[in-house]
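Me: I would like to learn how to read a structure such as this one, feature by feature, with the cut-offs stated as we go. Could we look at it together?

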Amino acid sequence: MNWRTIIYVILLVSLTVVKALPRSYRDTEEKTSIGQRFSQLQEKNFKAIAMIMFAQHVQGGTFGKAVKMAEDVTDLAKKCAAAARGNPDCLKPLDRIFLDTICQEENLPRFTDCCAKKDPERNYCFLSLKNSSRGFISPFERPNAEAACKNHSQHQHSLTGYFIYEVSRRHPFLYAPTILSVATRYDEMMKNCCGRAEDPTHNLEECFRRQAPKVVKPVKEDGLRQEHTCGILKKFGERTIKALKLAQISQKFPKADFVTVNKLVMDIANMHKDCCRGEMLDCMHDREEILHYVCTNQDILSSKIKKCCEKPLLQRSECIVNAENDDKPADLSPHVREFIEDKGICERFAQEEDTHLARFLYEYSRRHPEFSAQMLLRIGKGYEDLLKECCKTGAPDDCFSRGEEELKKHIYETESVMKTSCDIYKEKGDYYFQNELLMSFTKKMPQLTSAELIKFTKQMTAIGSKCCQLSQDKLLPCAEENLDLVLGEICRRHLTDPINPGVCHCCSSSYALRRPCMGKLEIDENYVPLSLTPGLFTFHEDLCTTEDEKLQHKKQEMLINLIKYKPQITQEQLTSVTAAFTAMREQCCKEENREACFVKEGPELIKRSEKMLSA
């Protein structure tokens, strides 16, 4: 079977065979050989996954090189499966064989230092070189529609294979089944759009434009969530990931007992450790095991995932994550008084600290699906601090009741922040709400570029559009959990290029407190404002464009520069400068020679604005 056929067939084959994959790093005593893995996966699955792994590890390599390395490893696997078990290479762990294959390739100088190391350091070195930042590899350009359809009709299988390679190397941490799922959608799009190419009423470009977002959606969403989770694991450790998953699973499966929920938490935490280390085969195996457990234990977990478990494997995980929370047990008491009122509470905390805290988080989370997971972690942290304070010798008798008051206060404050934000969004709409965010975040993080500030605040505005229309019991989980993704992206940006000490503190001190911490940041007092150079504010006839989106973008860039020039600007000053700018724009856009008007009036506006800002 040739490579092109193999790439095509993998898209049509369910990945249930992944059940057979053993764990490589945890099961050190009974590692499955490459020959056994080849037999378990079969050639088509083995080879496609190998190609994804090589494309993700050697991002700068050509498609031909990735194919060659995949074929070399597959040839070895085939020999080992047949009869060559005595060959020393057949006894090596599969991950080592993959890295050996890369290190034996010529013209890959970027990996020389990694190849000189011994395992597992060599593996960690390779993982550290993976780069998922945008621009590291040039964007995947969409070809002319007619040319793409002609290419698809002549080289259908290899075209899909090439698409897999391109997606893999641009998303080096993306889960392999997601890549294969995206490739399936890509193939369907090509068939749907190109299948009617001869129809004169069929608009090819419009077809691709309409269907392309559905193809790339899993790449963006799954990639962001995976990077986000790995960022939390790397920065805050396994304990934080376990607490986060405990809160989320307890909310989703409120009828499940603590032991069952805790088992899922441990399994999911282990899965994320494998996935974030880049151990793709182990990652796939872990996820398949978890899905199998969840779907075979629906009776004790949830009544809301039956349809998800009937879906193909590649769609099952996303469906379960997005499924509604199950109904709370009818006999579940509304409060968890025993965690405060029981006399033996301090002894229990002293004897089994983490287990006791986990039980509290489980019991509280399953009772409160209307809270975000991040808020539940803050409540859990508050309870831990309360126990440490109130279980001290000599603590006042009313210590625990004071803690309850603090909890009520925090819940009220969080709900008030979200309600106020939604009220502003509903009143002002997308553009003016984003401008409010731009003013706030430019003052907090003036070191970010205009493009970054506009991107992050646009994402936050989209959260308002998505969540503020929801009922009160769904608002907080939607808003804070989506906002957490944006803040995670800001914090990862800070890690690569530090922003300022305030952002550093919020990104480093506590995951649960990250959102409130960012909210409390004010003007960065250490920031040196921009100088008023001739190029800081420029006005041209393109300000007369009738395209709202372009005009709004230009105005937002000016707003950002204005705040970077005058961080202490008041609302009154901003209103005055904005009114003066609007008047100048309206005047010049009526003139016959618009550009000449802007050249003359622009400097005058800057002089008047300086006076307004110094008043």
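Reply: Let us begin with accessibility: buried means under 20% relative accessible area, exposed over 50%, and partly exposed in between, with a 1.4 Å probe and protein chains only. By that rule Asn107 is exposed, because its relative accessible area is 69%. This is a predicted model, in which local features need pLDDT of at least 70 and side-chain atom pairs count only at pLDDT 80 or more, while totals for chains, interfaces and linings use all residues. Residues are numbered from 1 along each chain as its sequence is written, and side-chain values use heavy atoms, with hydrogens and water left out.

Me: Where is Asn107 found, and what is its phi near?

Reply: Helices (H or I, at least four residues) and strands (E, at least two) are DSSP runs, numbered from the N terminus. Asn107 is found in the loop between helix 4 (94–104) and helix 5, and its phi is near 60°, a positive value in a residue other than glycine. Beyond helix 5 (112–115), the loop that leads to helix 6 (121–129) holds Pro120, and the peptide bond from Asp119 to Pro120 is cis, with omega near 5°.

Me: Where does the record place the feature "domain: Albumin"?

Reply: UniProt positions are given in the numbering used here, feature names are shortened, and annotations may be inferred rather than shown by experiment. The UniProt record, an unreviewed entry, places "domain: Albumin" at residues 23–216, 217–409 and 410–607. Over residues 410–607 the chain is 74% helix and 0% strand, with the end C-alpha atoms 47 Å apart.

Me: How should I read a cavity, and how many of 30 Å³ or more does the structure hold?

Reply: Rolling a probe the size of a water molecule over the atoms shows where empty space is left. On a 1 Å grid over the protein atoms alone, a cavity is a set of points where a 1.4 Å probe fits but cannot get out, and lining residues have an atom within 4 Å of a point; grid points are joined across faces, edges and corners, and a volume is the space filled by probe spheres set on the points. The structure holds four cavities of 30 Å³ or more, and the second largest has a volume of about 110 Å³. Of the 15 residues lining that second largest cavity, the closest to its centre are Gln56, Phe173, Leu174, Gly278 and Met280.

Me: Which helices supply at least two residues of that lining, and how do its residues divide into nonpolar, polar and charged?

Reply: Helix 2 (34–57) and helix 13 (280–296) each supply at least two residues of the lining of the second largest cavity, and helix 2 gives the most, with three residues. For the classes, Ala, Val, Leu, Ile, Met, Phe, Trp, Tyr, Cys and Pro count as nonpolar, Asp, Glu, Lys and Arg as charged, and the others, Gly among them, as polar. The lining divides into nine nonpolar, four polar and two charged residues.

Me: How many aromatic pairs does a search of the whole structure find, and how is such a pair described?

Reply: A pair of aromatic rings is described by the distance of the centres and the angle of the planes. Rings of Phe, Tyr and Trp (its six-membered ring) pair if their centres lie within 6.5 Å, and planes under 30 degrees apart count as stacked, over 60 as edge-to-face and the rest as tilted. The search finds 17 aromatic pairs. One of them, Phe360 with Tyr383, is stacked, at 4.0 Å centre to centre and 15° between the planes. This pair links distant parts of the chain, since Phe360 belongs to helix 19 (residues 353–367) and Tyr383 to helix 20 (residues 373–390), 23 residues apart.

Me: Are Phe360 and Tyr383 buried or exposed?Reply: Phe360 is buried, with a relative accessible area of 6%, and Tyr383 counts as buried at 4% relative accessibility. Tyr364 and Phe371 form another stacked aromatic pair, with 6.5 Å centre to centre and 20° between the planes. Tyr364 counts as buried at 9% relative accessibility, as does Phe371 at 3%. Together with Phe339, the residues Phe360, Tyr364, Phe371 and Tyr383 form one aromatic cluster.

Me: Which charged residues lie over the rings of Tyr293 and Tyr175?

Reply: A charge sits over a ring if NZ of Lys or CZ of Arg is within 6 Å of the ring centre and within 35 degrees of the ring normal. The charged end of Lys263 sits over the ring of Tyr293, 4.6 Å from its centre, and Arg287 lies over the face of Tyr175, at 3.9 Å from the ring centre.

Me: What separates the C-alpha atoms of Pro477 and Glu370?

Reply: They are separated by 6.6 Å, with Pro477 and Glu370 107 residues apart along the chain. Pro477 is found in helix 23 (residues 472–496) and counts as buried at 17% relative accessibility.

Notes:
1 Å grid on protein atoms, 1.4 Å probe; cavity = no way out; pocket = protein on both sides within 12 Å on 5 of 7 lines; lining within 4 Å.
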